[in-house]
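Okay, thanks for coming, everyone. I'll put the model up, and then we'll go through one helix, the packing and the domains.

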Amino acid sequence: MQFGLTQEQEMIVDTVRSFVENEIYPHEQLVERSGEVPTEIAQNIKNKTKELGFYACNFPESVGGAGLTHMDFALVERELGRGSMALNHFFGRPQNILMACQGEQIERYLLPAVRGDRMDALAMTEPDAGSDVRGMNCSAVRDGDDWVLNGSKHFISGAEHADFFIVFVATGVDETPRGPKKRITTFLVDRGTHGFDVRDGYNSVSHKGYKNCILSFDDCRLPKEQVLGEVDGGFAVMNEWLYATRLTVAAMSVGRARRCFDYALNYAAERKQFGQPIGKFQGVGFQIADMITEIDAADWLTLAAAWRLDQGLPANREIASAKLYATEMLARVTDTTLQIFGGMGLMDDFPIERFWRDARVERIWDGTSEIQRHIISRDLLRPLGA
Ligand SMILES: Cc1cc2nc3c(=O)[nH]c(=O)nc-3n(C[C@H](O)[C@H](O)[C@H](O)COP(=O)(O)OP(=O)(O)OC[C@H]3O[C@@H](n4cnc5c(N)ncnc54)[C@H](O)[C@@H]3O)c2cc1C
């Protein structure tokens with residue numbers, strides 16, 4: 001068993017850490033206050049990421065990516081997690097589900113996404129179908145060689161910058177002994193397609209500037225070439241490519257928790273009350289001890305799950321545990337840090353209140369904590385027939 005990073009991995013961590021400190025941190029307050037990422041800053045981040053050779057680093061070298069292992073990529077995400085999500089979006093990591101592209105789709109979607117010429121967004125969630133993905137109402141019916149889409153999606157991140165969308169829709173229903181089960185197909189939909197509209201979504205308290213949009217399809221006609229993967233094979237594509245994305249949420253949570261923790265540690269050492277640093281009070285010192293213990297535990301859970309993926313071992317439960325624990329740890333760490341800062345923790349002179357707000361969404365998106373618990377318990381109970 002090997003716990004250390006290789007020299008190359010240390011280099012990845014150092015490179016991404018200094019990128020985040022130099023290219024992301026300086027713009028965070030502007031984005032936080034305005035709720036926007038100015039185009040020039042976005043373009044600059046994109047260009048510098050490309051120069052570093054990190055754009056689409058989650059893709060294999062064969063298609064122009066950096067060919068990082070799952071472990072290497074978890075380290076990248078961990079360091080990116082320190083910085084603003086809205087700005088980090090331009091340190092492009094296209095959805096690796098695009099590896100399912102075939103034929104002309106490779107030139108139209110996969111390669112331009114990896115080059116950073118076109119940006120993607122992934123649309124699964126609907127107003128009436130969140131955790132229950134199969135409950136989706138957005139549907140497509142065949143009409144000759146075309147498909148006609150109707151319905152809507154909401155909470156779609158990064159949609160305002162996307163040139164095309166990876167959209168999951170219902171394309172039929174199977175009657176099974178456990179009741180009707182919808183068949184899902186994945187489509188590639190270009191912005192500007194007739195009958196397809198993208199509009200502003202809701203204002204979230206988490207990750208200002210990282211917006212979500214509402215997509216609507218009104219008799220949106222797509223040729224059959226827009227199907228990604230197989231017709232009715234949406235769940236297969238999802239399972240093959242998407243379950244590992246939960247690990248990126250875990251890794252980012254660890255990175256953000258470490259940044260937040262540094263504030264807590266320094267404040268506990270510097271802030272004096274009753275004539276001594278507050279960290280000397282056991283009530284505060286023990287909070288520091290608990291925080292670092294939980295951060296390290298979440299880090300190891302995350303890296304261990306990434307390692308399993310690299311070994312080709314089953315990792316579904318381990319990824320769910322990492323996502324569950326890391327996001328809940330982040331909530332505790334940001335809340336405790338705010339408590340250590342006292343009243344100043346709530347003021348926007350420090351980024352603590354932002355870390356605290358940002359942490360909230362991590363337990364919800366990419367599968368809520370309850371859904372992660374469901375995955376973990378099912379994995380353990382099913383083999384026992386329960
Ligand atoms: C800011 C933001 C950005 C997002 N970006 C995207 C995106 O880019 N693309 C995309 O497709 N989606 C996106 N999502 C959607 C996100 O993945 C969903 O919000 C999430 O899956 C939960 O769905 P829901 O919000 O509809 O909650 P619901 O599914 O309605 O859940 C409500 C509550 O019920 C609980 N619950 C539901 N089912 C069960 C169960 N079986 N057992 C126990 N408890 C249960 C949940 O845990 C939760 O506490 C985003 C969401 C947010 C908030």
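Let me start with a question: which residues are exposed on the other side of H3? Keep in mind as you look that this is a predicted model. The ones to find are Thr-39, Glu-40 and Glu-51.

Now turn H3 around. Its buried residues are Ile-41, Ala-42, Ile-45, Lys-46 and Thr-49. They cover an arc of only 135° around the axis, so they sit on the same side of H3. And yes, there's a lysine in that list: Lys-46 counts as buried. As for what lies over those buried residues, the cover includes H1, helix H2 (28-34) and H5.

A quick check on the helix itself. H3 has 14 residues, and at 1.5 Å a residue these should span 20 Å; the end C-alpha atoms are 20 Å apart, so that agrees. Just after H3 you come to Gly-53, which takes a positive phi of about 85°.

Okay, on to the packing. The largest nonpolar core has 52 residues, and the members touching the most others are Val-76, Leu-98, Ile-166 and Phe-168. Plenty of elements feed into this core: at least two residues each come from helix H1 (7-24), helix H3 (39-52), helix H4 (70-80), helix H5 (85-88), helix H6 (104-115), strand S4 (164-176), strand S5 (179-190) and helix H7 (234-241). Why does this core lie between domain 1 (7-95) and domain 2 (120-236)? Because both domains give residues to it.

If you want one residue to click on, take Val-76. Leaving aside neighbours within four places in sequence, Val-76 is in contact with Ile-12, Val-16, Phe-54, Cys-57, Leu-68 and Phe-91. Apart from this core there's another one, of 37 residues, and Met-291, Ala-298, Ala-322 and Leu-338 are among them.

Last bit: the domains. The assignment for the chain gives domain 1 (7-95), domain 2 (120-236) and domain 3 (242-384). I'd like to look at domain 1 against domain 3. Their C-alpha centres lie 20 Å apart, and 21 residues of domain 1 are in contact with 21 residues of domain 3. Between them the two bury about 1,800 Å², with 58% of that on carbon and sulfur atoms. On the domain 1 side, His-70, Arg-78 and Arg-82 lose the most area to domain 3, and together they make up 32% of what that side buries.

That's my tour, so over to you for questions.

Technical notes
Residues are numbered from 1 along each chain as its sequence is written. This is a predicted model: local features need pLDDT of at least 70, side-chain atom pairs count only at pLDDT 80 or more; totals for chains, interfaces and linings use all residues. Side-chain values use heavy atoms; hydrogens and water are left out. A nonpolar core is a set of buried Ala, Val, Leu, Ile, Met, Phe, Trp, Tyr and Cys residues joined through side-chain atoms within 4.5 Å. Buried means under 20% relative accessible area, exposed over 50%, partly exposed in between (1.4 Å probe, protein chains only). Helices (H or I, at least four residues) and strands (E, at least two) are DSSP runs, numbered from the N terminus. Domain bounds come from an automatic or database domain assignment. Contact means heavy atoms within 4.5 Å. The expected span of a helix is 1.5 Å times one less than its number of residues. The arc is that of the directions from the helix axis to the C-beta atoms. Buried area is the accessible area (1.4 Å probe) that two parts lose on being put together, summed over both.
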